[in-house]
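Good morning, and thank you for making time for this presentation. Please have the sequence and the model open as we go through a few selected places together.

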Amino acid sequence: MSSPWKRIGQILQDKFAVSAEAIRDALALQREKGGRLGEILVRMRAVKEGEILDALGLQFRLPCLPDLLPVQVDPALLSKIPIGFAKRYELLPIREENGPVMTAVADPLHLTALDDVRALLGRDVRPVLVPAKAILNCINQMYDRASDTAQQVIEDLSAESLDLLASELSEPVDLLEATDEAPIIRLVNSALFQAVKDRASDIHIEPFERDLEIRYRIDGIMYKILSPPKRFQSSIISRIKIMAGLNIAEKRLPQDGRIGIKIAGRDVDIRVSVIPTAHGERVVLRLLDKSTSLLDLEEIGLTAEERHTMLQLIQMSHGIVLVTGPTGSGKTTTLYAALNRINSPDKNIITIEDPIEYQLKGIGQMQVNPKINLTFANGLRSILRQDPDVIMVGEIRDVETAEIAIHASLTGHLVFSTLHTNDTAGAITRLLDMGIEPFLVSSSVIAIIAQRLIRCLCLDCRQAYTPTPEELAKLGFKTATVRPTFYRAVGCDPCKRTGYHGRTGIYEILLIDDEVRQMILSKLDANRIKNRAVEKGMRTLRDDGARKVVSGVTTVEEILRVTQEELVME
């Protein structure tokens, strides 16, 4: 004889020691605002989510799983369930078990949804209770793996459908009326899915006379990914322009836009740049995964000594700290890490950026807008009227911005900014060339940091070896030095056969002391300033890179690739 049915509140009292008073309060809230009793008790912190799940298991006599991993799920079953349906009802078929299909559910009362799963699979199902968050995470990971690549989408299109698309999608109006199942939309979506999955920072869509190429930038290196038929060119670009809110009829002028999408549960912000070329419009999409957490100073590649120096600099009450390097060298990430470290309720921190890449809680962030004449210089003037303690200027591009930043530092503000120069001493020359007086540079700038991003070796496939004397010499090691162990890139499936996975920074920090100030006032050239700083112990980008090669983080080839300007100058 089966045991009598129990209410969830009674089970929580009997099995999990939830007080009768908490149950009463939750029931009162339920009568007032609606909702499920278990969810209300979790919000009241009277019970944990896992305990609610166990109680539901007892109530409905269903087994429970605390978590769900992709390896537990049969991909063949997943392919029969629409992703939107699975997410809406928070359920996922896991595997066949002696006839019925074990199906993860967060809510056992979604009986209609379970009936739909039976119909979709053509099999009976056996529910098992799993936390909703675990189900959604597993759905995102499985769907991320199972999504067709853009190349597969192209291959699936028959010659007949290519001709049909070429005729049907040549007019912008047809694209606007197209459904989500339209092949061009699936192709663009698949290209975006694959880019996020492959950790690409940029997607380049490049038209040539007879070809169309799509390339991804992954860990700073460009890889050719797709070659869609040339006839798709206008349709693909029109689709992207529609997503970015751009004028699809205007093909003669450059345009910039933005797309905000969600891919596999991750919010991705995409900056879109379109320019006209001889063979059609060229599109570059910059991807920013907003779900990626901000890096700390400990995570950007600084050594313990460099980190100590950085911590001293960002605690200064006034002065300018400049971060230099080419586009895409991680300057903004370094500045965000610094601001995040000093962000506290007792400091007023304001930034002016182009664009705002990450939202920083507790920090006022302003976006440059040239259309309304909100430039770095004008924005910086306004910021100074906001009583700031710390200011970040996205980039010093002209003499006006430089002069206002210097004025701000001399009146008691700590200013962070970036410059596009190759090394630390080059930033001094750049400011002087802009027309800034040497005495202003020497009295305001307290430190200059040069940086580059290097690819990290894949730990799954890197291979140890003993370096040759030539390799040691290239990195600046003396021949008498005992040969350390170096590693070379090999390539495996997790790293997409590149031998590398992820990136980190190498740094060069020039502190502006009294001797350097005197050299600036004397207008000595950048090489003499740098050479003197090296004599006094400054580590160059190449020196920092050499240390990362010795520690097994990267390869000799990678360091030589990113510091080749330095090698040429020497």
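Let me begin with a definition: a residue counts as buried when its relative accessible area is under 20%, as exposed when that area is over 50%, and as partly exposed in between. Please keep in mind throughout that this is a predicted model. Our starting example is Phe208, whose relative accessible area is 37%, so Phe208 is classed as partly exposed. Phe208 sits in the loop that runs between β4 (200–207) and β5 (212–218). Leaving aside residues up to four places away in sequence, Phe208 is in contact with Glu213, Lys230 and His279. There is also a distance to note here: Phe208 and Glu281 are 73 residues apart along the chain, yet 9.9 Å separates their C-alpha atoms.

Glu281 also appears in the surroundings of Lys241. Among the residues that Lys241 touches, with those up to four places away in sequence not counted, are Leu246, Ile248, Val274 and Glu281. Lys241 belongs to helix α13 (residues 233–243). Is Lys241 buried or exposed? Its relative accessibility is 1%, and therefore Lys241 counts as buried.

I turn next to a helix, α4, which covers residues 49–60. Does its length agree with what one expects of a helix, and why? At 1.5 Å a residue, its 12 residues should span 16 Å, and the C-alpha atoms at its ends are 17 Å apart, so the two values agree. Within α4, the buried residues are Ile52, Leu53, Ala55, Leu56, Gly57 and Gln59. The cover over these buried residues includes α1 (8–16), α3 (37–43) and β3 (125–129). Just after α4 comes Arg61, with a positive phi of about 55°.

That brings us to backbone geometry. Most residues other than glycine have a negative phi, and most peptide bonds are trans. Glu90 has a positive phi, near 50°, and is not a glycine. Glu90 is placed in the loop between α6 (83–89) and β1 (91–96), and with a relative accessible area of 25% Glu90 is partly exposed. Arg199, likewise not a glycine, has a positive phi of about 65°. Arg199 is found in the loop between α12 (183–197) and β4, and its relative accessibility of 33% makes Arg199 partly exposed. As for the peptide bonds, where is there a cis bond? One joins Asp354 and Pro355, with omega at about -5°. Pro355 lies in the loop between β11 (349–353) and β12 (364–367).

Now to charged pairs. Side chains of opposite charge can pair when their charged atoms come close. How many salt bridges does the model contain? The count comes to 31 salt bridges.

I will show three of these. In the pair of Glu508 and Lys530, the closest N and O atoms are 3.7 Å apart. This salt bridge links distant parts of the chain, with Glu508 in strand β18 (residues 500–511) and Lys530 in helix α22 (residues 526–535), 22 residues apart. Both Glu508 and Lys530 are buried.

The next pair is Asp514 with Arg517, where the closest N and O atoms are 2.9 Å apart. These two residues are three apart in helix α21 (residues 514–521), so about one helical turn separates them. Asp514 is exposed, at 62% relative accessible area, whereas Arg517 is partly exposed, at 27%.

In the last pair, Lys548 and Asp544, the distance between the closest N and O atoms is 3.4 Å. Both residues belong to helix α23 (residues 541–550), four residues apart, about one turn of the helix. Lys548 and Asp544 are both buried. Elsewhere, salt bridges with shared partners join Asp513, Glu515, Arg532, Glu535 and Lys536 into one network.

I close with the cysteines. How many disulfides are there? The count is zero. Why does Cys461 not form one? The cysteine sulfur closest to that of Cys461 is in Cys492, at 3.6 Å, which is too far for a bond, because a disulfide requires sulfur atoms within 2.5 Å. Cys461 counts as buried, with a relative accessibility of 11%. Cys138 is buried as well, with a relative accessible area of 0%.

How values were computed:
Residues are numbered from 1 along each chain as its sequence is written. This is a predicted model: local features need pLDDT of at least 70, side-chain atom pairs count only at pLDDT 80 or more; totals for chains, interfaces and linings use all residues. Side-chain values use heavy atoms; hydrogens and water are left out. The expected span of a helix is 1.5 Å times one less than its number of residues. Buried means under 20% relative accessible area, exposed over 50%, partly exposed in between (1.4 Å probe, protein chains only). Contact means heavy atoms within 4.5 Å. A salt bridge is a side-chain nitrogen of Lys or Arg within 4 Å of a carboxyl oxygen of Asp or Glu.
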